Amino acid sequence: ALREGPDTALFVSAEVAKPGFVNLRVADGVYEATVADINAAPAEWGRLAPVARRRVNVEFVSANPTGPLTIGNARGAFVGDLLSRVLEAGGQEVTREYYFNDAGTQISVLGASVVALRRHEPLPEDAYRGAYVQDLADDLPDDVWAAAQAPGADAAAVVGRWAATRVRVNIEASLAHLGVRFDVWKSEGSLHEEGWVARAVERLRDGGHVFEQDGALWFRSTDFGDDKDRVIYRSDGRPTYFAADIGYVTEKLGRGFDHLIYIWGADHHGTVARLRNAAQAMGYDRDAVEVLLYSWVRFVRDGVEISMSKRAGEFITLDELLGEVGVDAARWFFGSRAATTGIDFDIELAKKQSAENPVYYVQYAHARIASILRKGAEAGLTPAPDVAGLLAGEPEGLLVRAVSGFPEVVEDAVAAQETHGITAYATELATQFHAFYRDARVVDVDQPERSAKRLALALAAKSTLANALGLLGISAPEAM
RNA sequence: GCGCCCGUAGCUCAGUGGACCAGAGCAUCGGUCUUCGGAACCGAGUGUCGGGGGUUCGAAUCCCUCCGGGCGCGCCA
């Protein structure tokens, strides 16, 4: 079989092992060439050439602007951003998108809450509470307040619209702090105003996929395997959330995306089928519409679960969480766990362990290499462009093999759409570097040639660590 | 009641029917005494893989069943 392979030069030997496996021994020159390649173009290392470059839309967070993002929104934010980074490493063109509704009943309730505070009246029964509502009341501009009080004006709606905008800007700032920047902010209202919803419904009607019953308009989702048909327009004529979803699919695909990914909490799993069914019914490839569900996070403090209610004003904001545990540590925490499994996040534990957190272990290895490279430069030693003969020793061999494994790790992450393989790999690579550091003197003025080659290997390891951390959105410090 | 997900070391989690599959990190205990960064290194280990049954040469992994937990089953979002 080896004789027939196209890459026989890669291998120096092949042998059959016990239960039917074939061991191929890779030629040293292959690894040495890899080191040289990494150092020649470090930014490219680990980026995959796409089989087919696709335009992918990743929509996530999408919390309505009724209050600050909380730790309940945290996982979606990290999972969506991590997935986007992985897809980009896999050669896809990614658009990060945030979908929100700034005109619904929730927004009216928020407006009514602000109005009541402004008028020093008791809060309505279903009001939003919490310090941020008072902040909104305090910051309400005079012209908005005047417009709200004009004769015939719907004060709650007017104030709500202003409040939603203000809240949304703050949400954007929180996400930026976390390292997530959205390319598109899409309002639900625009889908109706621009006719996307109406056209999508017509499309379904033309295909015979809708019917009227009890005064409402329904989508025959059961024709595509759903267990129930779904309402598009209520009997009073108002559209459901699902109606907007249908319009949104056509709007997104109309922008030329090849693939749509929705990042939803697992509690939405009941709505996945109707969305994909509708896409199929409208003539799209249902596989172009993908929903990734992330599982719930139980936030815990010293072993006690934290219960939250946004309306009651009892919640911990995303900003507070990041203030306590740090962005890099939080990114590592979420990145090192599969999105599909439920997890516990003990805030106190995360803080206590922060000094021993693997993320700092990996960053330390990176900083340590940076220091060694500086030390070498002071002694007049720089990484060699050609590292032929590098693998004379065992310490080099183990490290270079660890470094060489990076693209495969990225490949796996892209295929699985998960990042925990990357965190595990980064930890292992850091360990391999520390072992190399222990066993092999890098900077040695008496051995300039060997030093130059070892510096080249150290540099390659540094770039690999930096790129792995970069995939996770985590900084790679030159010094700590 | 029906549907989906989960149960792996003291804790938090990996483990996609095939060598390394019984693992990693943390926590715990012991050691290294360091001319390149000790935020490091070396060593020590505990598991009825929730229980039981089945398929297979071989099961944490696939099938059935039971127990325990989460979520969903709106003309809510």
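Two residues are taken to be in contact when their C-beta atoms, placed from the backbone, lie within 7 Å. In this predicted model, Ala461 is by that criterion in contact with Ile369, Leu399, Val403, Leu429 and Phe433, once its neighbours within four places in sequence are left aside. Ala461 also belongs to the largest nonpolar core, a set of 127 residues in which Leu457, Ala461 and Leu465 have the most contacts. The element that gives the most to this core is helix H18, spanning residues 448–471, which supplies twelve residues.

Two of the partners of Ala461, Ile369 and Phe433, reappear where helix H14 (residues 358–378) meets helix H17 (residues 420–439), whose axes come within 9 Å and cross at roughly 45°. Because angles from 65 to 115 degrees count as roughly perpendicular and those under 35 as roughly parallel, H14 and H17 are described as oblique to each other, and their crossing is left-handed. On the H14 side the contact is made by Pro358, Tyr361, Val362, Ala365 and Ile369, and on the H17 side by Ala426, Thr427, Ala430, Phe433 and His434; by class, eight of these residues are nonpolar, two are polar and none is charged.

Another pair of helices is found earlier in the sequence, where the axes of H3 (residues 105–118) and H6 (residues 155–177) come within 7 Å and cross at roughly 100°, so that H3 and H6 are roughly perpendicular to each other. Among the residues that make this contact are Ile107, Leu110 and Val114 of H3, together with Ala156, Val159 and Arg161 of H6. The contact of H3 with H6 comprises twelve nonpolar, three polar and one charged residues.

How values were computed:
Residues are numbered from 1 along each chain as its sequence is written. Chains are lettered from A and ligands numbered from 1 in the order in which they are written. This is a predicted model: local features need pLDDT of at least 70, side-chain atom pairs count only at pLDDT 80 or more; totals for chains, interfaces and linings use all residues. A nonpolar core is a set of buried Ala, Val, Leu, Ile, Met, Phe, Trp, Tyr and Cys residues joined through C-beta atoms within 7 Å. A residue is buried if 20 or more other C-beta atoms lie within 10 Å of its own, exposed if 12 or fewer, and partly exposed in between; C-beta atoms are placed from the backbone. Helices (H or I, at least four residues) and strands (E, at least two) are DSSP runs, numbered from the N terminus. Axes are lines fitted to C-alpha atoms, for helices over the stretch in contact, and angles run from 0 to 180 degrees between N-to-C directions. Angles under 35 degrees count as roughly parallel, over 145 as roughly antiparallel, 65 to 115 as roughly perpendicular and the rest as oblique. Ala, Val, Leu, Ile, Met, Phe, Trp, Tyr, Cys and Pro count as nonpolar, Asp, Glu, Lys and Arg as charged, and the others, Gly among them, as polar. A crossing is left-handed if the near helix is turned anticlockwise from the far one by less than a right angle, and right-handed if clockwise.
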